Structure formats: C-alpha cells, structure tokens
Amino acid sequence: KAASANKPRGAAASPAAAAKPARYVVQVGAYADDASAKDARARVERLGLKTFTQDVDIQGARRIRVRIGPFESQDEAQRAVATLKAGKLPGVVLKL
C-alpha cells in the first residue's frame, strides 16, 4: 500500500502537466500606434471575432499586438484564421 500511495503522487504531477491542453491565439498584427491597432480591432470584430490587445516592447519599440482567442485547439484557431482571410485580413496561429 505504501508503494501505491506514493505512485499516485508522482503520477499525478506528470499526467496533469502532460494532460494540460495547449492553448492557441491568432495574431492579426503588431502596430506602432494606437489608431492602427484600434482600426485593426474594429475590422476583426466586424467579422464577429472577439479581440484583445497586448502592449509589448520589441527591441526598444512599443508595439500593440492585436490577437484573437485563446482557443482550446489548433483547429479552432485555424477556423478563426479562415474567417480573417475571408475578410481579407491577416492572421497567424501561435501556440501559447
């Protein structure tokens, strides 16, 4: 019983980490100014997709990432990209 009591503890940590599903986002673009980011968000949201932004510093320059998600599967993220492309907008799937 002592061995089986230890086994679940060790086993619980690994499968939980392994079973944790990957999450995906779709990046529409990274913009230098608020107006461009706002415009991109509006165009994406007109297609029925919910967006969020992320301010980042890339090599000393501020960029505003416009993203969609997160998604539970890569397939879901790819469907969002297809919607973007149908609306003549860019999109790339990123795994978190």
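**Strand pairing and backbone exceptions**

Gln27 counts as buried, with a relative accessibility of 15%, a value under the 20% limit that defines this class. In this predicted model, the residue is found in strand E1. The side chain of Gln27 makes a polar contact with the side chain of Arg67, at 2.9 Å. Beyond four places away in sequence, the residues touched by Gln27 are Arg65, Val66, Arg67, Pro90, Gly91, Val92 and Leu94.

The strand that holds Gln27 is E1, which spans residues 24-31 and pairs with strand E3, residues 61-71, in the antiparallel sense over six bridges. Within this pairing, Ile68 of E3 is the bridge partner of Val26. Strand E3 is also joined to strand E2, residues 51-58, by eight bridges, and E2 and E3 likewise run antiparallel. In this second pairing, Arg67 in E3 stands opposite Phe52. Arg67 thus appears in two settings: its side chain is in polar contact with that of Gln27, and the residue faces Phe52 across the E2 and E3 pairing.

Strands E2 and E3 form a hairpin with two residues between them. Gln59 is located in the loop between these strands and adopts a positive phi of about 50°, although it is not a glycine. With a relative accessibility of 81%, Gln59 counts as exposed, the limit for that class being over 50%.

A second non-glycine residue with a positive phi is Lys88, for which the angle is about 60°. Lys88 is placed in the loop between helix H3, which covers residues 74-86, and strand E4, which covers residues 92-95. Lys88 counts as exposed at 75% relative accessibility.

A further backbone feature occurs within strand E3. The peptide bond from Gly69 to Pro70 is cis, with omega near 5°, and Pro70 lies in the strand itself. Most residues other than glycine have a negative phi, and most peptide bonds are trans. Against this background, the positive phi values of Gln59 and Lys88 and the cis bond preceding Pro70 are set apart from the usual backbone geometry.

Taken by element, strand E3 takes part in the pairing with E1 and in the pairing with E2, and Pro70 with its cis peptide bond from Gly69 belongs to this strand. The loops described here contain Gln59, which is exposed, and Lys88, which is exposed as well, whereas Gln27 in strand E1 is buried.

Terms used. Residues numbered from 1 in each chain as written. Predicted model: local features only at pLDDT ≥ 70, side-chain atom pairs only at ≥ 80, totals over all residues. Heavy atoms only, no water. Pairing = 2+ DSSP bridges. Helix = DSSP H or I, 4+ residues; strand = E, 2+ residues; numbered from the N terminus. Buried < 20%, exposed > 50% of the residue type's maximum accessible area, 1.4 Å probe, protein only. Polar contact = N/O pair within 3.5 Å; in protein donor to acceptor, adjacent residues only side chain to side chain. Contact = heavy atoms within 4.5 Å.
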